[in-house]
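Open the model in your viewer and keep the selection box at hand. This tour goes stop by stop, with something to select at each one.

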Amino acid sequence: MEQNHTKRQIKVTRNSLFEQGYLDEQFTQLEDLQDDANPNFVEEIVTSFFSDSTRLIRNVETALENYPLDFCKLDDYMHQFMGSSSSIGAKKVRNECTQFQEYCKARNDDGCIRAFQRVKQEHATLKRKLEAYFQVSL
Amino acid sequence: MGVKMQGHHHLVAVSLNEQQLGTKRKYRSYVPRTNQGKYLILWIIVFGFAAIHVYRSIDAEHQQRIQEGLVSMCDQRARMLQDQFSVCVNHVHALAVLVSTFHYYKNPSVIDQDTFAEYTARTAFERPLLSGVAYAPRVLNSEREDFESQHGGTIRTMANKEPSPHRDEYAPVIFSQETVSYLNLLDMMSGEEDRENILRARSTGKAVLTSPFKLLGSHHLGVVLTIPVYKSKLPPNASVRDRIEATAGYLGGAFDVESLVENLLGQLAGNQEIIVKVYDVTNTSDHLIMYGRQTQEGDPTRVHVSRLDFGDPYRKHHMTCRYLHEAPISRTAMITAVLGYVIVILVGYMFYTGAIHIVQVEDDFDTMQKLKVRAEAADVAKSQFLATVSHEIRTPMNGILGMLALLLDTDLSSTQRDYAQTAQACGRALITLINEVLDRAKIEAGKLELEAVPFDLRSILDDVLSLFSEKSRNKGIELAVLVSDKVPQIVMGDPGRFRQVITNLVGNSVKFTEQGHIFVQVHLAEHSKAVQDAKLESCMNGRSNGPQSKTLSGREAADDRNNWDRFKHLIADEEFPFQVLTSDGNSQNVNLMVSVEDTGIGIPLHAQELVFMPFMQADSSTSRHYGGTGIGLSISKCLVELMGGHISFISRPQIGSTFSFTAKFTRCEKNTVADLKRSLYDDLPTSFKGMKATVVDTKPVRAAVTRYHLKRLGVSVDVVNSIKTAVLGSCSCSGQPDMILVEKDVWLSGDDLNNVPVFGNKLKSPKMILLATNVTGGELDKAKAAGFSDTLIMKPLRASMVAACLQQVLGTGKAEQGKVMANGSVYLRGLLLGKKILVVDDNRVNRRVAAGALKKFGAEVECAESGKAALDLLQIPHGFDACFMDIQMPEMDGFEATRRIRKMEEKLNEQQDGCCENRTWHLPILAMTADVIQATFEECQKSGMDGYVSKPFQEENLYQEVAKFFESKPATDS
């Protein structure tokens with residue numbers, strides 16, 4: 001009974017992540033890859049994503065402090081950020097990254113800074129939610 | 001700009017074509033193109049002259065004959081007249097001799113008037129022409145009185161019968177025939193004519209004639225003949241004077257010429273036709289008529305004149321003859337000429353109308369040809385236009401699709417997402433359509449050429465099936481393929497086009513079928529035909545149990561010849577596979593008969609004729625309901641015809657359609673087959689050879705399909721009707737099957753595994769495998785519970801997929817989880833299994849995800865986090881089968897890394913050139929990119945990459961790319 005309840009809760013949490021658009025089908029594919037050989041595959045990936053992304057965010061922050069902005073560098077960081085976020089299916093983060101890159105291309109300082117704020121925000125939200133999800137599922 | 005230039009190019013092409021139109025007609029005309037009327041008139045005139053000439057030449061003969069007739073008649077008459085005349089003259093001569101003999105030589109005279117009259121009267125028949133004769137002596141004036149006294153009368157003149165006036169001499173008539181007795185004592189010399197006559201007669205001593213005059217006593221014209229009588233015999237050369245001296249008298253007679261000629265002519269034939277006139281022409285200027293009327297009558301054109309000689313050299317006579325009527329026109333000549341002329345005119349007219357007709361036809365032909373050339377030019381232009389436009393549309397469309405894909409990745413509201421997704425779907429449909437149009441345009445322009453490369457038919461069919469497996473499974477349709485064992489493994493042909501046709505047909509079937517089955521069969525055309533013929537007879541004999549349950553799914557199909565009755569014949573002699581090259585074993589051609597049978601909505605009867613017309617769909621409502629453009633079938637038809645076959649179909653509305661086509665391929669050379677087999681033959685594992693399987697199926701056709709796939713894997717198959725039989729059979733028989741495959745519906749129909757003995761106690765029990773088209777979760781659980789713990793094979797069956805499943809079940813031996821992904825992933829697994837792959841990406845997360853995905857498909861994966869690291873790993877010799885390379889990396893990006901790898905390989909390949917082990921190094925490198933835009937692909941190729949996959953991996957895309965070189969290249973590790 002208890003187990004069933006937990007199972008349902010996991011399902012609900014997972015579904016809400018999809019429904020709210022935080023995740024997309026890539027995440028499902030990751031889940032598919034998880035099997036007996038790699039029982040914690042998804043979590044490993046997600047963990048490495050967050051450690052990676054935290055480093056990247058730090059890099060971007062540093063880059064944004066320097067003036068004038070090095071758009072090339074920013075674009076490079078964001079490309080990485082976007083690549084990894086699309087790999088785990090973090091949809092919202094990825095969209096924000098795209099936005100950031102657009103501003104980079106347009107060489108829009110304010111836009112970049114604003115976009116970065118949103119990236120950070122989404123990143124944080126996702127981190128919180130996923131942590132909660134994995135907590136439950138484990 | 002590019003578009004503009006293209007357009008201009010078109011214009012040039014078209015105008016070029018039109019220049020060709022201007023060229024002169026290529027044939028020579030043999031009839032005059034103008035003035036036919038003038039030629040006709042000339043013809044008529046020329047032949048008019050010819051006709052006249054003909055008439056004349058024929059008429060001339062005719063005329064000549066007429067003339068000859070006239071001449072002969074005239075001459076005849078003249079001669080007769082002359083003869084009779086001379087006879088009379090001779091007789092008168094005889095009288096003269098008589099008179100001289102008996103009147104002068106005798107003394108006294110023994111002739112008196114009575115004697116003379118008597119004699120002359122009795123001899124008158126001798127002188128039919130003479131009205132009478134009389135003798136008048138020469139009496140000088142001195143002797144007149146003696147004479148008058150002696151004869152008892154006076155000498156009278158002829159004119160008024162008065163006593164003659166005084167003259168030098170007289171010639172009174174003393175003897176006269178009775179007919180002219182009125183002449184007695186008339187002085188013959190009193191008449192002018194007679195006097196001259198007498199004088200001339202006595203001077204010449206011959207008979208002389210007067211000119212014609214009216215005779216006394218009758219109104220007939222006549223002449224008087226006078227012959228002198230001499231007192232003594234004269235020497236032949238006596239002078240005129242001697243003669244005059246010796247003259248004793250004169251004997252005269254009157255010729256009644258008119259009655260004479262009349263009598264004469266009366267005796268002759270043809271008297272009526274001819275007019276005869278006799279003239280005295282002594283005086284050449286004034287012809288005196290002797291016979292005939294003075295008036296001109298008769299045919300004036302034709303006259304013949306015959307000379308008459310009446311014995312008087314002084315007088316000249318002739319006879320003229322004319323026809324009474326003008327000679328009739330020669331009918332023969334006329335008819336010949338006229339008829340000939342008419343015929344010639346008709347012929348001329350025929351030529352004339354013929355020429356006009358020919359000219360018209362030639363003109364029409366010319367016009368047609370021009371129109372034809374123009375139409376062809378227009379057609380070519382159309383095709384070119386289509387090709388260009390399609391091509392030009394494709395480029396921006398790709399952009400649109402790419403952008404739509406990007407747009408879909410952004411944060412959209414559900415409505416927006418819906419719109420964007422719809423747009424993307426439409427765009428995809430449009431691209432498909434454009435590709436089809438391009439294909440068609442290419443075919444029409446004759447630019448489409450078929451390849452001739454060896455390929456494996458069966459694997460192509462499997463591929464096609466895998467394309468539609470998802471759809472058919474969703475719809476719950478049974479999709480199956482069966483290739484006859486008689487069909488060679490490898491054939492030469494165009495695999496792409498063959499696949500296109502099959503895909504189109506199967507696609508249509510899937511589209512229009514809601515339940516039932518779709519069944520693709522490939523047989524040798526000859527074999528199929530032979531069986532069909534044989535089968536037709538038996539069909540006639542007994543249609544005992546309707547067509548139900550004889551097809552794949554049990555539903556009735558349009559072509560009910562295709563049911564099990566016939567089918568079992570087709571596969572009957574396939575018990576010994578690969579002993580197939582029987583009848584046409586020597587021939588290089590392989591005629592395949594492919595049929596695609598479905599149980600869809602069918603084609604309405606009225607639309608069946610239009611099916612192969614481009615852009616024609618059976619029904620406009622159809623396209624509304626099912627979509628599609630209707631160009632596919634027409635392309636298929638073209639392609640099939642290019643492959644030397646033909647396509648046809650049988651369809652019954654609401655029951656289904658069966659499309660079948662034939663195609664000609666060539667057999668592969670035997671020795672090359674062996675080489676190719678390894679590379680082309682889809683790497684079906686051989687580990688199942690010799691295994692045994694039992695298939696539990698109540699539907700024979702479906703069982704045959706299952707058997708076909710298993711047989712390809714080398715598994716021998718028994719088919720039984722129920723699970724019970726299968727299990728029992730496996731127990732009792734010596735050879736226990738390695739597996740038992742059970743159809744889902746057989747199982748569901750109540751034959752529960754629980755009821756049969758379990759093999760638990762046996763060491764090696766057969767694996768139980770469930771075959772199903774679609775399975776619900778509940779059913780799956782139930783199946784597991786029922787004992788199908790081993791595996792479930794999802795249909796449509798494909799040998800490679802079956803192999804993968806079996807491998808899982810048998811090869812590993814460990815209990816797998818029940819469900820195996822039965823679509824592309826299995827296939828991918830087949831491709832990637834055991835391959836060593838290098839993944840290069842600087843992003844840790846990406847790297848791990850990619851590696852994870854590839855590992856899932858059985859590949860052995862190594863990772864590198866930069867281009868440099870990859871280069872180090874790829875130092876030759878290395879053991880990698882492929883490399884997935886991220887493009888955007890710091891330091892050294894994917895392009896650069898690839899270029900270096902290629903350079904390295906090149907160098908090595910050159911060095912190895914002389915070496916015996918001539919293995920060229922070429923590592924397949926695939927780019928990983930999130931960009932799906934074309935430009936990236938070109939960039940990839942430029943730097944030596946073999947393709948690209950989207951990131952993150954999409955199975956479909958990954959499969960496509962990987963299949964490209966893992967299929968065409970034999971596995972290096974085997």
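Select chain A of this predicted model. Among its contacts between residues at least 6 apart in sequence, 64% join residues at least 24 apart. Now colour chain A by secondary structure. Six helices appear, and zero strands. Read along the sequence, the pattern is α-α-α-α-α-α. Of the 138 residues of chain A, 46% count as buried.

**Stop 1: a helix in chain A**

Select residues 91–106 of chain A. This is helix α5, with 16 residues. From its first C-alpha to its last, α5(A) reaches 23 Å, close to the 22 Å expected at 1.5 Å a residue. Which residues of α5(A) are buried? Show the side chains of Lys91(A), Val93(A), Arg94(A), Asn95(A), Glu96(A), Cys97(A), Phe100(A), Gln101(A) and Cys104(A): these are the buried ones. An α-helix has 3.6 residues a turn, so residues three or four places apart point the same way.

Step past the end of the helix. Arg107(A) follows α5(A), and its phi is positive, near 55°. Then add Lys92(A) and Tyr22(A). Lys92(A) lies over the face of Tyr22(A), at 4.5 Å from the ring centre.

**Stop 2: an open sheet in chain B**

Move to chain B. Select β11 to β14 of chain B. These four strands form an open sheet in the order β12-β11-β14-β13, with antiparallel pairing. Why is one side of β12(B) and of β13(B) left without a neighbour in the sheet? β12 (288–291) and β13 (303–308) of chain B stand at the edges and have a single partner strand each, so one side of each stays free of a neighbour in the sheet. From one strand to the next, the twist averages 30°.

Zoom in on β11(B), residues 274–280. β11(B) pairs with β12(B) in the antiparallel sense over three bridges. Label Asp280(B); opposite it in β12(B) stands Leu288(B).

Now add the helices that pack on this sheet:

- Select residues 36–105 of chain B. This is helix α2, which touches β11, β13 and β14 (317–323) of chain B. The direction of α2(B) makes about 25° with that of β13(B).
- Select residues 257–267 of chain B. This is helix α7, which touches β11 and β12 of chain B. The direction of α7(B) makes about 50° with that of β12(B).

**Stop 3: aromatic rings**

Hide the sheet and look for rings. Over all chains, the count comes to 15 aromatic pairs. Select Phe116(B) and Phe175(B). Their ring centres are 5.4 Å apart and their planes stand at 25°, so the pair is stacked. Phe116(B) is in helix α3 (residues 113–122) of chain B, and Phe175(B) is in strand β5 (residues 175–176) of chain B. The two lie 59 residues apart, so the pair links distant parts of the chain. Both Phe116(B) and Phe175(B) are buried.

Go on to Phe455(B) and Phe665(B). This aromatic pair is edge-to-face, with 5.6 Å centre to centre and 75° between the planes. Phe455(B) lies in strand β15 (residues 453–456) of chain B and Phe665(B) in strand β21 (residues 656–667) of chain B, so the pair ties together parts that are 210 residues apart in sequence. Phe455(B) and Phe665(B) are both buried.

Return to Phe116(B) and widen the selection. Ring pairs link Tyr104(B), Phe116(B), Tyr135(B) and Phe175(B) into a cluster. Then select Arg144(B) and Tyr170(B). The charged end of Arg144(B) sits over the ring of Tyr170(B), 4.9 Å from its centre.

**Stop 4: a proline in a loop**

Select Pro488(B). Its loop runs between β16 (478–483) and β17 (490–493) of chain B. Is Pro488(B) buried or exposed? Pro488(B) is buried, with a relative accessible area of 11%. Leaving out residues up to four places away in sequence, Pro488(B) touches Arg458(B), Val590(B) and Arg667(B). The C-alpha atoms of Pro488(B) and Arg667(B) are separated by 7.5 Å, with their positions 179 residues apart along the chain counted as the gap.

**Stop 5: an enclosed strand**

Finish at residues 739–743 of chain B, strand β24. Five of its five residues are buried, so β24(B) is largely enclosed by the rest of the structure. Met739(B), Leu741(B) and Glu743(B) point one way, while Ile740(B) and Val742(B) point the other way.

Add strand β22 (residues 692–696) of chain B. Four bridges join β22(B) to β24(B), and the two run parallel. Here Ala693(B) has Met739(B) as its bridge partner. Last, add strand β25 (residues 767–772) of chain B. It pairs with β24(B) in the parallel sense over five bridges. Val742(B) stands opposite Leu770(B) in β25(B).

Methods:
Residues are numbered from 1 along each chain as its sequence is written. Chains are lettered from A and ligands numbered from 1 in the order in which they are written. This is a predicted model: local features need pLDDT of at least 70, side-chain atom pairs count only at pLDDT 80 or more; totals for chains, interfaces and linings use all residues. Side-chain values use heavy atoms; hydrogens and water are left out. Two strands pair if DSSP finds at least two bridges between them. Axes are lines fitted to C-alpha atoms, for helices over the stretch in contact, and angles run from 0 to 180 degrees between N-to-C directions. Contact means heavy atoms within 4.5 Å. The expected span of a helix is 1.5 Å times one less than its number of residues. Buried means under 20% relative accessible area, exposed over 50%, partly exposed in between (1.4 Å probe, protein chains only). Rings of Phe, Tyr and Trp (its six-membered ring) pair if their centres lie within 6.5 Å; planes under 30 degrees apart count as stacked, over 60 as edge-to-face and the rest as tilted. A charge sits over a ring if NZ of Lys or CZ of Arg is within 6 Å of the ring centre and within 35 degrees of the ring normal.
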